[in-house]
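Please take a moment with the sequence and the model before reading on. The paragraphs below are meant for someone who is meeting this structure for the first time.

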Amino acid sequence: MDQAQAHQWLAIAVEEARAGLAEGGIPIGAALYGADGTLLGRGHNRRVQDDDPSMHAETAAFRAAGRQRSYRGTTMVTTLSPCWYCSGLVRQFGIGRVVVGEATTFHGGHDWLAEHGVDIVLVDDPACVRLMRDFIENNPALWNEDIGD
Ligand SMILES: [Zn+2]
């Protein structure tokens, strides 16, 4: 996929991350796109808001998309490298591509996904890095809870 498309889709995930931050949550956002480029679902991490540690950004976007006949050709866009749980979701449902905003503040399962044939587009977006750096600096305990440290 071209970089302009990746940035355009990532912008939606960043909007979600900022919405989560404004709610007092962890600023990670995601969006699921169909093979034809249709936005199927979007969401953000709601660990704090819902008191639910399983409501990750990718999970929220996936659930918002509802049932899909097939996930072939779909793209999961996320502001941060996906954790093992969300990487598992990508493989479980056969999502073909993952656009990763950044993998500097957290290195999740995207290498493993690539090894298993998932197309990984690492944008390395400075705005995504800044968002997470600021959050981690201001909320170290909450961040450590989220990543299970
Ligand atoms: Zn996750």
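What follows is a walk through this predicted model, beginning with the metal site and moving on to the helices.

A good place to start is the zinc ion, whose protein donors are His 56 through its ND1 atom, together with Cys 83 and Cys 86 through their SG atoms. These donors lie 2.0 to 2.3 Å from the zinc ion, and along the sequence the donor residues follow the spacing H-x26-C-x2-C. His 56 sits in the loop between helix 2 (47–50) and helix 3 (57–64), while Cys 83 sits in the loop between strand 3 (75–78) and helix 4 (84–93), so the pair ties together parts that are 27 residues apart in sequence. Both His 56 and Cys 83 are buried; for Cys 83 the relative accessible area is 17%, which falls under the 20% that marks a buried residue.

With cysteines in view, one may ask how many disulfides the model has. With a disulfide taken as a pair of cysteine sulfur atoms within 2.5 Å, the count comes to 0. Cys 128 can serve as an illustration, since the nearest cysteine sulfur, that of Cys 86, is 16 Å away from it, and Cys 128 is in no disulfide. Cys 128 is nonetheless a buried residue, with a relative accessibility of 3%.

The next stop is helix 3, which begins just beyond the loop that holds His 56. Of the 8 residues of helix 3, 6 are buried, so this helix is largely enclosed by the rest of the structure. The buried residues are Ala 57, Glu 58, Thr 59, Ala 60, Ala 61 and Phe 62, and what covers them includes strand 1 (29–33), strand 2 (39–44), strand 3 and helix 4. Just after helix 3, Gly 66 takes a positive phi of about 70°.

Helix 4 deserves a closer look as one of these covering elements. The axes of helix 3 and helix 4 cross at roughly 35° and come within 8 Å. In this packing, Glu 58, Thr 59 and Phe 62 of helix 3 meet Tyr 85, Cys 86, Leu 89 and Phe 93 of helix 4, and by class the residues of the contact are 5 nonpolar, 1 polar and 1 charged. Cys 86 thus appears both in this contact and among the donors of the zinc ion. Helix 4 also holds Gly 88, which counts as partly exposed at 28% relative accessibility.

Another pair of helices is found further along the chain, where helix 6 (residues 126–138) and helix 7 pack with their axes 5 Å apart and at an angle of about 110°. Helix 6 and helix 7 are therefore roughly perpendicular to each other. Met 132, Phe 135, Ile 136, Glu 137 and Asn 138 in helix 6 meet Pro 140, Leu 142 and Trp 143 in helix 7, and these residues divide into 6 nonpolar, 1 polar and 1 charged.

Helix 7, which covers residues 140–147, also includes Asp 146, a residue that counts as buried at 13% relative accessibility. Leaving aside its neighbours within four places in sequence, Asp 146 is in contact with Ile 26, Ile 28, Asn 45, Arg 47 and His 56. The last of these leads back to the starting point, as His 56 is one of the protein donors of the zinc ion.

Methods:
Residues are numbered from 1 along each chain as its sequence is written. This is a predicted model: local features need pLDDT of at least 70, side-chain atom pairs count only at pLDDT 80 or more; totals for chains, interfaces and linings use all residues. Side-chain values use heavy atoms; hydrogens and water are left out. Donors are N, O and S atoms within 2.8 Å of the metal (3.2 Å for Na, K and Ca); water is not among the atoms, so sites may look incomplete. Helices (H or I, at least four residues) and strands (E, at least two) are DSSP runs, numbered from the N terminus. Buried means under 20% relative accessible area, exposed over 50%, partly exposed in between (1.4 Å probe, protein chains only). Contact means heavy atoms within 4.5 Å. Axes are lines fitted to C-alpha atoms, for helices over the stretch in contact, and angles run from 0 to 180 degrees between N-to-C directions. Angles under 35 degrees count as roughly parallel, over 145 as roughly antiparallel, 65 to 115 as roughly perpendicular and the rest as oblique. Ala, Val, Leu, Ile, Met, Phe, Trp, Tyr, Cys and Pro count as nonpolar, Asp, Glu, Lys and Arg as charged, and the others, Gly among them, as polar.
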